[in-house]
Each structure stands twice: as C-alpha cells, then as structure tokens.
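Hi everyone, thanks for coming. I'd like to walk you through a structure that is new to most of us, so please have a look at it while I talk.

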Amino acid sequence: MVPMNNLFYKVRCGMERFMYGRNGTDQLNIALLVLYVALCLLQGVVVMLLPYPLVSGLFSILLAVIIVVMFFRIFSRNLEKRRRENARFLGWYAPRQRAFSAWRARVRDRDHKYFKCRGCGARCRVPRGKGRIEITCPRCGGKIQGRS
Ligand SMILES: [Zn+2]
C-alpha cells in the first residue's frame, strides 16, 4: 500500500509539473475573483427585486464568462501577454488604490482639515479649530478661504 504522504507528494508534484510554464494567478485574477464574489452577492439582491429569467440568465452568463477568463488566464502559457494584461490592470488600479488610501487617512485625521486648491487640485492640510482662514496654496500660490 502506498502511504498517504507519498500520494499527496505525488499529486503535488504532478500539479507543479502541470503548472510549470503557465501563468498561474496574479493580481488581475485576484481582482476577477473579488468581482465574481461581489457579483454573486449582487445577483442575490437583484434577482430578489427583479425575479425575471432574463435577469438571472444575464447574471449566470456574466459569472460564467468571468470564471472562464480566470481559468484561461491561470492555465495560459502565453506569459508575455498575460503579464501585459496584468500590468495594464495595475496601471488602472494602483492610482485608485492610492487615492482611496489617501482619502481614508484624511477621514481618520481628526487634528487637521483638508482643503483642495481650486487652481491646481493640491490638497492643503490645516490644523483644526483656527476659525476663518485664508491659505496660500504651496503649489500654485492660489488663495483658499475656509473654516478650519
Ligand atoms: Zn494650487
């Protein structure tokens, strides 16, 4: 009898051999997985509100397409093309992620108030509780008036 450890080892080696030279998972695939889960949850709500076969059918097709694309990308041997797709996705996603982090930091910062310059869009940070103030934008020199 083959010991179980040995069997698991063989299965793992087989998987590794199968995945060799294939794309595997990357940030774009993780995003697709998140999108898939989000759409599943959304589907539950939408189908409850609009109980039509067309609506649930469209969701099923969309979810199936996402799964197919995900597996296609995981098993793909065209690494160059998959890397370019992932890089393009990160180019779109990274600035949004940064903007979201910056927004969260501003919301959590109770000691300062943030003003956005109307001239150049720069964010100016001012200590709270100083009353009516006029700030000079450090980037473009424009005046910002507000209450801190
Ligand atoms: Zn400015």
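Let me begin with one term: two strands are said to pair if DSSP finds at least two bridges between them. Please also keep in mind that what you see is a predicted model.

With that term in hand, find strand 1, residues 112-116, and strand 2, residues 123-127. These two run antiparallel and are joined by 5 bridges. To pick out one pair, Phe115 has Cys124 of strand 2 as its bridge partner. Between the two strands of this hairpin there are 6 residues, and in the hairpin Gly121 takes a positive phi near 85°.

Now move along to strand 3, residues 132-136. How many bridges does strand 3 make with strand 4? There are 5, and the pairing is again in the antiparallel sense. Strand 4 covers residues 143-147, and its Arg147 stands opposite Arg132. This hairpin also has 6 residues between its strands, with Gly141 at a positive phi near 80°.

Let's stay with Gly141 for a moment, in the loop between strand 3 and strand 4. Is Gly141 buried or exposed? It counts as exposed, because it has 10 C-beta neighbours inside 10 Å, and the cut-off for exposed is 12 or fewer. Gly141 and Cys117 are 24 residues apart along the chain, and 9.5 Å separates their C-alpha atoms.

Arg147, back in strand 4, is exposed too, with 11 other C-beta atoms within 10 Å. Setting aside its neighbours within four places in sequence, Arg147 is in contact with Gly131 and Arg132. From Arg147 to Lys113 the C-alpha distance is 8.8 Å, although their positions lie 34 residues apart in sequence. As for the strands as a whole, strand 3 is hardly covered, with 0 buried among its 5 residues, and strand 4 likewise has a buried count of 0 among 5.

On to the helices. Helix 1 runs over residues 4-19. Its 16 residues should span 22 Å at 1.5 Å a residue, and this agrees with its end C-alpha atoms, which are 22 Å apart. Helix 1 lies largely in the open, because the number of its residues that are buried is 0. After helix 1 comes Gly21, with a positive phi near 80°.

Which helix packs against helix 2? That is helix 4, residues 79-108, while helix 2 itself takes in residues 27-49. Two packed helices are described by the angle between their axes and the distance between the axes. Here the angle is about 65° and the axes are 8 Å apart. On the helix 2 side, the contact is made by Gln27, Leu28 and Ala31. Helix 4 brings Glu85, Asn86, Phe89, Leu90 and Tyr93. By type, the residues of this contact are 5 nonpolar, 2 polar and 1 charged.

Finally, let's step back to the whole chain. Its domain assignment gives domain 1, residues 20-83, and domain 2, residues 106-148. How far apart do the C-alpha centres of domain 1 and domain 2 lie? The distance is 42 Å.

That's my tour, and I'm happy to go back to any part of it. Thanks for listening!

Note on methods: Residues are numbered from 1 along each chain as its sequence is written. This is a predicted model: local features need pLDDT of at least 70, side-chain atom pairs count only at pLDDT 80 or more; totals for chains, interfaces and linings use all residues. Domain bounds come from an automatic or database domain assignment. Axes are lines fitted to C-alpha atoms, for helices over the stretch in contact, and angles run from 0 to 180 degrees between N-to-C directions. Helices (H or I, at least four residues) and strands (E, at least two) are DSSP runs, numbered from the N terminus. Two residues are in contact if their C-beta atoms, placed from the backbone, lie within 7 Å. Ala, Val, Leu, Ile, Met, Phe, Trp, Tyr, Cys and Pro count as nonpolar, Asp, Glu, Lys and Arg as charged, and the others, Gly among them, as polar. The expected span of a helix is 1.5 Å times one less than its number of residues. A residue is buried if 20 or more other C-beta atoms lie within 10 Å of its own, exposed if 12 or fewer, and partly exposed in between; C-beta atoms are placed from the backbone.
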